[in-house]
Amino acid sequence: MDIMQLSNKQLITPPNTKTEHEKPKLRNSNIEFLRIVAMFMVLMLHVNFFSLKSPTTEVCQMQPIQSFFRIAFEMLCIISVNLFVFISGWFGIKANFKGFCKFIFQCVCVLAIVQCIGFVFGYTQISVDRILEIFFLKGNAWFVPAYAFLYILSPVLNVFCEKSSEKTIKYFVIAFYLLQTIYGNIFESADYASSGYSPFSFIGIYILARYMKMYGEKWYKHGLKIYIVSSTLLIALYSIPRFLNVYPILPHIAMKYTYLLNISAVIGLVIWVANLRPRHNKIVNFVATSVFAVYLCHVCLHWIIVEYKRISCAIFNEYSGLSYLAVITLFMLSVFCASILIDQIRKYAWKVFSKHVVDRIHV
């Protein structure tokens with residue numbers, strides 16, 4: 001996934017390598033696989049509450065098992081957005097002009113291809129609004145401009161983390177999440193700090209990730225426990241009030257990207273995976289370089305959102321139990337693979353564009 005590959009400098013040093021130049025270093029496929037898992041989390045979010053809406057108390061009481069599993073999957077996947085940003089902070093974004101151009105080019109090129117597919121097969125009509133939709137990045141494409149702002153700010157954030165003491169960064173993180181929780185989650189008086197759909201929240205996650213990478217090694221062995229406990233509490237925070245029809249504000253809070261249990265679940269998952277023995281897998285690394293295209297392809301244009309919701313609802317209404325799980329998984333895999341294939345066109349186009357345009361610009 002190019003957006004995340006920009007920041008992935010985690011390397012595996014072969015056991016027998018004595019000096020850095022003797023053998024080439026390889027990307028850690030554990031983290032690359034984590035990117036792929038995170039994108040499946042996004043797909044699962046969008047076939048669940050995004051398409052079907054959350055189950056009401058009445059539905060939960062009539063269909064308790066189905067409703068519980070839907071809630072559980074939603075809460076397990078709600079960390080996906082923070083996970084992408086946390087990984088960027090974990091490795092540190094190495095911002096440069098060409099990298100930024102590559103990110104924007106991927107977004108525009110992939111969306112242009114998907115929009116053309118919609119024109120050809122009659123899912124949408126050719127119009128100025130539909131063409132401009134490729135560039136406006138509104139609605140469900142909010143992540144793109146938010147991450148672009150983080151990318152631009154990353155050199156400043158990196159300097160802060162590199163030049164500040166551990167104590168300074170720790171106090172910054174504590175103050176940031178204390179204020180965000182009070183004014184974003186409890187009183188909701190700061191819209192930009194409320195649900196996590198902004199560069200402001202991304203800044204906090206980025207610096208938290210830098211802190212954990214630089215100074216949090218003592219927590220690595222507890223990563224899996226932190227992830228399991230945080231995820232279990234998230235599920236309970238949403239399901240218990242919904243089933244019992246009490247404290248309706250709690251499920252609302254659980255869905256926020258800024259909620260502390262969401263953040264701690266991300267921390268636990270990443271430090272657990274980071275503590276595993278590094279591995280290198282060419283297939284995983286290849287897929288990971290294109291995985292951001294999955295997000296662009298399935299939820300960033302109006303017609304594709306309509307179709308994605310329609311198919312998700314049709315599968316839910318037609319199948320149940322294990323049959324539903326099999327069919328909906330096949331649907332998500334189809335979307336995933338089609339997106340990876342579309343991104344291969346973008347990769348070729350970028351080589352041409354970069355050679356003839358970007359490389360000739362001196363910044």
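Colleague: Is Y247 buried or exposed?
Modeller: In this predicted model, Y247 counts as exposed because its relative accessibility is 61%, above the 50% cut-off for that class.

Colleague: Where does Y247 lie?
Modeller: Y247 sits in the loop between α12 (223-244) and α13 (249-254).

Colleague: What is phi of Y247?
Modeller: Phi of Y247 is positive, at about 45 degrees, although Y247 is not a glycine. Most residues other than glycine have a negative phi.

Colleague: Which loop holds K53, and what is its phi?
Modeller: K53 is placed in the loop between α3 (49-52) and α4 (57-62). Phi of K53 is near 70 degrees, a positive value in a residue other than glycine. K53 counts as exposed because its relative accessibility is 53%.

Colleague: Let us turn to G139. Is G139 buried or exposed, and which loop is it in?
Modeller: G139 is exposed, with a relative accessible area of 58%. The loop in question runs between α8 (128-136) and α9 (143-163).

Colleague: How many residues separate G139 and H302 in sequence, and what is the distance in space?
Modeller: G139 and H302 are 163 residues apart in sequence, and their C-alpha atoms are 9.0 Å apart in space.

Colleague: What about A314 and L52?
Modeller: Those two are 262 residues apart in sequence, with a C-alpha to C-alpha distance of 10.0 Å. A314 belongs to helix α17 (residues 302-318). At 41% relative accessibility, A314 counts as partly exposed.

Colleague: How much of the contact pattern joins residues at least 24 apart?
Modeller: Among contacts between residues at least 6 apart in sequence, 81% join residues at least 24 apart.

Colleague: Now the interior. How many residues are in the largest nonpolar core?
Modeller: The largest nonpolar core has 111 residues. Those with the most contacts inside this core are F86, F143, L150, Y295, L296 and F336.

Colleague: Which helix gives the most to this core?
Modeller: Helix α2 (residues 29-47) does, with 10 residues.

Colleague: Take L296 from that list. What does L296 touch?
Modeller: Leaving aside residues up to four places away in sequence, L296 touches Q106, C107, V110, L111 and V144.

Colleague: And S201, is it buried or exposed?
Modeller: S201 counts as buried because its relative accessibility is 3%, and the cut-off for buried is under 20%. S201 is part of helix α11 (residues 199-215).

Colleague: Which residues does S201 touch?
Modeller: With residues up to four places away in sequence not counted, S201 touches F176, Q180, Y192, A193, G196 and T258.

Colleague: What share of the chain is buried?
Modeller: Buried residues account for 50% of the 363 residues in the protein chain.

Colleague: How many helices and strands are there?
Modeller: The protein chain has 18 helices and 2 strands.

Colleague: What about the overall dimensions?
Modeller: Along the principal axes, the C-alpha atoms fill a box of roughly 65 × 55 × 45 Å. The radius of gyration is 21 Å, which agrees with the value near 21 Å for a compact globule with 363 residues.

Colleague: Finally, the surface and the charges. What area does the chain expose?
Modeller: The protein chain exposes about 18300 Å², of which carbon and sulfur atoms supply 67%. There are 33 positive and 17 negative charges, and the mean positions of these two sets are 8 Å apart.

Conventions: Residues numbered from 1 in each chain as written. Predicted model: local features only at pLDDT ≥ 70, side-chain atom pairs only at ≥ 80, totals over all residues. Heavy atoms only, no water. Core = buried A, V, L, I, M, F, W, Y, C linked by side-chain atoms within 4.5 Å. Buried < 20%, exposed > 50% of the residue type's maximum accessible area, 1.4 Å probe, protein only. Helix = DSSP H or I, 4+ residues; strand = E, 2+ residues; numbered from the N terminus. Contact = heavy atoms within 4.5 Å. Rg over C-alpha atoms; globule rule 2.2 N^0.38 Å. Areas by Shrake-Rupley, 256 points an atom, 1.4 Å probe, with all protein chains shown as cover. Lys, Arg positive; Asp, Glu negative; His and termini not counted. Charge placed at Lys NZ, Arg CZ, Asp CG, Glu CD.
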